[in-house]
Amino acid sequence: MNEQHREGESLIFGRRTTTPTPAPAARLVGLGSYLPPQKVSNADLALRLDTTDEWIRTRIGIAQRHIADPATATSDLAVEAGLRAMKSAQVEHVDAVILATATPDHHVPGTAPLVAHLLGLRHVPAFDLGAGCSGFVYATTVAAGLIQARTASTVLVIGAEKMSAVIDPDDRSTAPIFGDGAGAVVLTAGHADEPGTLGPAAWGSDGEHADAIYIPDGGSRRPPCATDDLKNRYVHMEGNEVFRHAVRRIAHVTQESAAAAGWSIQDIDKLIVHQANARISAAVANTLGIPPQRVPSNITHVGNTSAASIPLLLSHSAIDKQLEARQRVLVTSFGAGFTWAATTLLWPSGLQALN
Ligand code: COA
């Protein structure tokens, strides 16, 4: 147990370090992911939806998605990914846990404290962050800020979703897209010039499009009531509008992030794009002039896992050896809100991702 972490005490890490310079930077030292075992193929979906395997493959790029069983909640997926990331980082303790999710176990309380408890992290600060499919990159940005401010020296950032809990199984415009899963990273204080260190983040939002992807009922705007149309407890999405904005915003935030790191677009060795739709990733790569072989993808096998998408793709790409030491990696995302966020890093050597 961390010596500062005693029963009943709050953690005040700002007191720990007195050296004024240089400010620490957030360095990636652990990476893990988890997919629930059950796979649902397009053929399975076509048994109950008016759709075909061919339509889903060509319009979205997905062949299957993983779906959690009814007894499994987002916290269970998050714990599995968190365990793997901490094992990968070879740490038994972190100073804070941030859980990016749009599908918390409950409205109240946040899910992160339960996840921290289940990971044996006792009384560390833990909170949820909701920024749709951009949630994971938002969360790493917040974690990097905590590390730079010396509020924490090691942070576990998890993206976890049980999307199947909020997707209408009878809606052919959403059911083929989304899947369940979780991914996580451990970030720790390092020096800005070390490989693995996160570059500056570019991020933003536009609430004018708040209803382009949303769940109409069940929140404070329209609290749950006995006469509700249950369809309004599920995600509603304007697919075409989302598609258009996603391509434009991801391309733009990618350029901003590259510029902030002092990179040109041609400098990017691997572009890790939120796995929303294979055609969105292809359109972004085409807009930016990045060859497809520099844009890894796992959407065919996992679908769109919202806030879990980026750490799942990082983990799968690392295991597939598509991410190699010292490659320039740019991570970029877009989601409900709308929100968008991107950051950069030089891929570290010796990082063992665990699935
Ligand atoms: N199977 C078969 N046909 C389908 C279908 C399905 N699952 N879903 C829609 N269709 C039909 C539509 O009814 C429409 O038929 P019509 O021409 O007879 O009216 C036709 O296919 C085209 O529909 P459209 O909505 O224009 O398709 P699209 O090519 O835009 O693809 C999405 C729809 C949802 C796949 C696409 O818009 C998309 O991926 N949007 C972004 C979604 C996203 O990424 N969300 C998460 C963001 S983080």
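A residue is called buried when its relative accessible area is under 20%, exposed when it is over 50%, and partly exposed in between, using a 1.4 Å probe and protein chains only. The model is predicted, so local features need pLDDT of at least 70 and side-chain atom pairs count only at pLDDT 80 or more, while totals for chains, interfaces and linings use all residues. Residues are numbered from 1 along each chain as its sequence is written, and side-chain values use heavy atoms, with hydrogens and water left out.

**View 1. N42, a buried residue in helix α1.** Helices (H or I, at least four residues) and strands (E, at least two) are DSSP runs, numbered from the N terminus. N42 is found in helix α1, which spans residues 42-46. Is N42 buried or exposed? N42 is buried, because its relative accessible area is 1%. Leaving aside residues up to four places away in sequence, N42 touches D53, I56, R57, I62, A63, Q64 and R65, where a contact means heavy atoms within 4.5 Å. With D53, the side chain of N42 also makes a polar contact of 2.9 Å. A polar contact is a pair of N or O atoms within 3.5 Å; within protein, one must be able to donate a hydrogen and the other to accept it, and residues adjacent in sequence count only if both atoms are side-chain atoms.

**View 2. Helix α9 and what covers it.** Helix α9 covers residues 309-319, and 10 of its 11 residues are buried. Among them are I310, P311, L312, L313 and L314. Which elements help to cover the buried residues of α9? They include β1 (25-34), α5 (135-148), β7 (181-190), β11 (270-273), α8 (299-302) and β12 (328-335). After α9 comes K321, with a positive phi near 65°.

**View 3. Backbone angles to look for in the loops.** Most residues other than glycine have a negative phi, and most peptide bonds are trans. The peptide bond from V108 to P109 is cis, with omega near -5°; P109 lies in the loop between β4 (96-100) and α4 (112-118). Another cis peptide bond runs from G337 to F338, with omega near -15°, and F338 lies in the loop between β12 and β13 (339-346). Q90, in the loop between α3 (74-89) and β4, has a positive phi near 55°. Q90 is exposed, because its relative accessible area is 73%. R326 has a positive phi of about 75° and is found in the loop between α9 and β12. R326 is exposed too, with a relative accessible area of 53%.

**View 4. The ligand between two domains.** Where does the ligand lie? Domain 1 (25-190) and domain 2 (202-346) both give residues to the shell around the ligand, so it lies between them; the domain bounds come from an automatic or database domain assignment. Of the 22 residues around the ligand, T51, R59, R172, N240 and N277 come nearest, and a residue is near if one of its heavy atoms lies within 4 Å. Helix α6 gives the most to this shell, with 4 residues.

**View 5. Polar side-chain atoms beside the ligand.** A polar side-chain atom of T51 lies 2.6 Å from a nitrogen atom of the ligand. For N277, a polar side-chain atom is 2.6 Å from a ligand oxygen atom, and for R279 the distance to an oxygen atom of the ligand is 3.0 Å.
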